[in-house]
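Here are a few notes to read alongside the structure. Have the 3D view open and find each piece as you go.

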Amino acid sequence: MRSRPRFWMYVLGTFLIGVMSSGNLFLHSDFTTLLLIVFVLFFSLPANVLIYGVNDIYDYHTDIYNDKKVKYETVLHPEKHSKFWLIIALVLLPFLPLLFIVNVPTILALLLFLFTGLFYSATPIRAKTKPPLDVVFSSIIYVSPALVGFFVTGNTNIQWFAVLGGIIWAFGMQTYSAVPDIEADRKAGFNTLAIMLGEKKALWFCLMAYFFSACIGFYYVGVIAAVFGVVYISIVLLSIYNPSKLFKYYTYFPLINVLTGALLFFSMFFKEMML
């Protein structure tokens, strides 16, 4: 968890996109506004403590072989695991009452996030070592906050095809991030979709995921989605034809994801303002 603060904006960002896409930005009651503030707090820190803390605990046996974790991030050693479980529990407990005060669709979306956030890494499911569950669970982790944001506003008329576009985009993100881990995961005896496909085929899978998600995004938000698609596809193509620099390109992803998410958020915000 502490090793990846650069990723902490991901779940908060998709939550905010979900709020914006609901179309109810200026129609909230005081109670809904309070709920939105509480969820912003939840997805800012506790949600990240859950998904990255549990991942650091259960991935120790592969992280010690992984230069990405040793040099670029941080390995969480076993003597700190019990302390981290306590931290996870302490930051989540204050938010459990949310399950009793929000509408049913929001409860289901939140439970979906908690379930996949825990069992993507944790046993007995440990989805990240059971392809294709690795990409499915990871995608749900990053898309379900958008569902929470959409439903908590009171709007339940969701466009599920748009959700599918987000899931396909997350397929690409998860698989691309798994490619630098292939060697370490093999040494630890783990399996992932990236390992099953091999490096080059995994990158082509990422390219196709970004292409199809950009097409779906273009249908809903227009040219901005096509621009984003060109950016992501370009990085994957660079990785395919210059694999020695793949890890360098990987380090650009957090900044690119945050910038594209911010541009999408503000484009939706100003569109809502003009309605």
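**Notes on some helices and two residues**

1. Let's start with a crossing: H8 passes H9 in a right-handed crossing. Keep in mind that this is a predicted model. Helix H8 covers residues 133-152 and helix H9 covers residues 160-178, and their axes come within 8 Å and cross at roughly 140°. That angle makes H8 oblique to H9, because only angles over 145 degrees count as roughly antiparallel.

2. Who touches whom here? From H8 you'll find Asp134, Val135, Val136, Ser138, Ser139, Tyr142, Val143, Leu147 and Phe151, and they meet Trp160, Val163, Gly166, Ile167, Ala170, Phe171, Met173, Gln174 and Thr175 in H9. Sorted by class, this contact of H8 with H9 has 12 nonpolar, five polar and one charged residues.

3. Now look at helix H1, residues 9-21. H1 has 13 residues and reaches 18 Å from its first C-alpha to its last, close to the 18 Å expected at 1.5 Å a residue. Which residues in H1 are buried? They are Tyr10, Val11, Leu12, Phe15, Ile17, Gly18, Val19 and Met20. After H1 comes Gly23, with a positive phi near 75°.

4. H1 also packs against H8, at an angle of about 35° and with the axes 6 Å apart. Here too the handedness is given: H1 passes H8 in a right-handed crossing. On the H1 side, the contact uses Tyr10, Val11, Thr14, Phe15, Gly18, Val19 and Ser21, while H8 brings Ile141, Tyr142, Pro145, Ala146, Val148, Gly149 and Phe150. By class, the contact of H1 with H8 has 10 nonpolar, four polar and no charged residues. Spot Tyr142 of H8: it is listed in the contact with H9 and also in the contact with H1.

5. Next, a loop residue. Ile125 sits in the loop between helix H7 (104-119) and H8. Is Ile125 buried or exposed? Its relative accessible area is 24%, and buried means under 20% while exposed means over 50%, so Ile125 counts as partly exposed. If you skip the neighbours within four places in sequence, Ile125 is in contact with Phe115, Phe119, Lys130 and Phe137.

6. Last one: find Val230 in helix H13 (residues 223-241). Val230 is exposed, because its relative accessible area of 53% is over the 50% cut-off. Try locating Ala214 as well: Val230 and Ala214 are 16 residues apart in sequence, and their C-alpha atoms are 8.5 Å apart in space.

Terms used
Residues numbered from 1 in each chain as written. Predicted model: local features only at pLDDT ≥ 70, side-chain atom pairs only at ≥ 80, totals over all residues. Heavy atoms only, no water. Axes fitted to C-alpha atoms, helices over the stretch in contact; angles between N-to-C directions. Helix = DSSP H or I, 4+ residues; strand = E, 2+ residues; numbered from the N terminus. Parallel < 35°, antiparallel > 145°, perpendicular 65-115°, else oblique. Left-handed = near helix turned anticlockwise from the far one by under 90°. Contact = heavy atoms within 4.5 Å. Nonpolar A, V, L, I, M, F, W, Y, C, P; charged D, E, K, R; others polar. Expected span 1.5 Å × (residues − 1). Buried < 20%, exposed > 50% of the residue type's maximum accessible area, 1.4 Å probe, protein only.
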